[in-house]
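This briefing is meant to be read with the sequence and the coordinates side by side. It takes up salt bridges, one strand residue, the interface and the second chain in turn.

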Amino acid sequence: MLTFLALTSVALLGIVPEQSQAIVIYTGWERHALVGSDIRLSCSFFSWRWTSEDVTFSWTYRPDGSRDAISIFHYTGGAAYVDNKGPFRDRLEFVGNPGRRDGSILLKNLELSDNGTFTCDAKNPPDIVGRPSSVRLLVFEKVPIQAGVITGAIIGVVLGLLVLIVVIYYLMRFLVARRVFSLSVSKHGKKKKEGSQQRQIKV
Amino acid sequence: MLMLAAIVVLHITTIVLLLVAAIDSAWWVKDSVSADLWGKWEFTNNMWHYTNLKDYPEDYLQAVQATSVLACVFTILALFVFVAQLFTLPKGMRFTFTGTLQIIACLCIMTGASIYTAKLHVNESSGGYGHCYILAWISFVLTFILALTYFILRKKKE
């Protein structure tokens, strides 16, 4: 009786965690790009189960300032379906590898109106419980100077130079003193010894 | 003794003026807007709001920020080095290290204030320079005088 209970509890412990773990989806947090360039939005997931043949990836896009999201990509049953009517028609390409849990898409020829949030949702049956993950896309006309980069660079370089100059100054003083000392020992070592002997005799 | 006290007091005053110029928010003042190197205070709806600086040439603004911070750092360093040199300098020598640091601080604040004058707010007709801008130029004069003093002064031979 006791062994039966022990065996069932171990079996339950083995099965229950697998079912209670959810699928975890990873995308970037924020991506920056220039107008006219291409960008790859990566999406990957972690699941305790083996990658199933019915794995699905879907991407939705919500423009900045809008409350509705539009579906732009779906991969299911081994086939990828890209946007052919929406804002990304002819600009979207699937570059992922579903067998390796990679559902990345490539957006080509970015425009300023592409600013927004892209959400990736992946399902790995029977592991379907999980939270979709979002990546924010920021499209710039020219690369903006981030706040404080030039400031920090100037301050760092000047203070670094100051420290370097002080260190070199003291190092030179120390080295010159040592060089003078070692030169006199090697060249006039014998003479010095004789000199000190003579002085001792005199004293 | 009196001269030493006067120089130290002048140096500390310069440090305070430089810190106020760098930190306080009054480089450019309009009726209800007060801007400095780091942000802008706007008085709307009976409340002061702190916002980021927009439409400023970013690279020049950051250069002014860097030089004013460096000027503060160098004057403070110069004070510490002066006190250290008071005890360690051989008699009859000049305070060159202190003077060098102080002249670098003078150059920094001069560069910063000049860039601010030449490149920012060039085409604006309303508004004028605030007290921090004036303090920056006053501290330029003071740092220059202090640097000269350190280069000329000799430690007493007693």
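Which side chain meets that of Asp64(A) in a salt bridge? In this predicted model, the partner is Arg136(A), with a distance of 3.2 Å from N to O. Asp64(A) sits in the loop between β5 (56–63) and β6 (70–76) of chain A while Arg136(A) belongs to strand β12, so the pair ties together parts that are 72 residues apart in sequence.

**Salt bridges**

- Over all chains, the rule arrives at a count of seven salt bridges, and the pair of Asp64(A) and Arg136(A) is one that meets it.
- Both members of that pair are partly exposed: Asp64(A) has a relative accessible area of 37%, and Arg136(A) has one of 30%.
- Arg91(A) forms a salt bridge with Glu111(A), where the closest N and O atoms are 3.9 Å apart; this pair links distant parts of the chain, with Arg91(A) in the loop between β7 (79–82) and β8 (92–94) and Glu111(A), 20 residues apart from it, in the loop between β9 (105–107) and β10 (116–123).
- Arg91(A) has a relative accessibility of 10% and therefore counts as buried, the cut-off being under 20%, whereas Glu111(A), at 37%, counts as partly exposed.
- Asp114(A) also forms a salt bridge with Arg91(A), and here the closest N and O atoms are 2.8 Å apart; Asp114(A) lies in the loop between β9 and β10 of chain A, and the two residues are 23 residues apart.
- Asp114(A) and Arg91(A) are both buried, and salt bridges with shared partners join Arg91(A), Glu111(A) and Asp114(A) into one network.

**Ser134(A) in strand β12**

- Ser134(A) is part of strand β12, which spans residues 133–140 of chain A, and with a relative accessibility of 32% this residue counts as partly exposed.
- When neighbours within four places in sequence are set aside, the residues in contact with Ser134(A) are Thr27(A), Gly28(A), Trp29(A), Thr117(A), Phe118(A) and Thr119(A).
- With Thr119(A), the side chain of Ser134(A) makes a polar contact of 3.3 Å.
- Glu30(A) is 104 residues from Ser134(A) in sequence, yet the C-alpha to C-alpha separation of these two residues is 8.7 Å.

**Interface of chain A and chain B**

- The contact involves 13 residues of chain A and 13 residues of chain B, and together the two chains bury about 1,000 Å², of which 81% is on carbon and sulfur atoms.
- On the side of chain A that touches chain B, 10 residues are nonpolar, three are polar and none is charged.
- Across this interface the rule finds zero salt bridges, but it does find four residue pairs in polar contact, with both residues at pLDDT 80 or more.
- For the complex, the predictor gives an ipTM of 0.79 and a pTM of 0.60.

**Chain B**

- Chain B has a mean pLDDT of 87, and 99% of its residues reach 70 or more.
- Its secondary structure comprises four helices and five strands, which follow one another along the sequence of chain B as α-β-β-β-β-α-α-β-α.
- Among the 158 residues of chain B, 44% count as buried.
- Of the contacts in chain B between residues at least 6 apart in sequence, 69% join residues at least 24 apart.

How values were computed
Residues are numbered from 1 along each chain as its sequence is written. Chains are lettered from A and ligands numbered from 1 in the order in which they are written. Side-chain values use heavy atoms; hydrogens and water are left out. Contact means heavy atoms within 4.5 Å. Buried area is the accessible area (1.4 Å probe) that two parts lose on being put together, summed over both. A salt bridge is a side-chain nitrogen of Lys or Arg within 4 Å of a carboxyl oxygen of Asp or Glu. A polar contact is a pair of N or O atoms within 3.5 Å; within protein, one must be able to donate a hydrogen and the other to accept it, and residues adjacent in sequence count only if both atoms are side-chain atoms. Ala, Val, Leu, Ile, Met, Phe, Trp, Tyr, Cys and Pro count as nonpolar, Asp, Glu, Lys and Arg as charged, and the others, Gly among them, as polar. Buried means under 20% relative accessible area, exposed over 50%, partly exposed in between (1.4 Å probe, protein chains only). pLDDT is the predictor's confidence in each residue, from 0 to 100.
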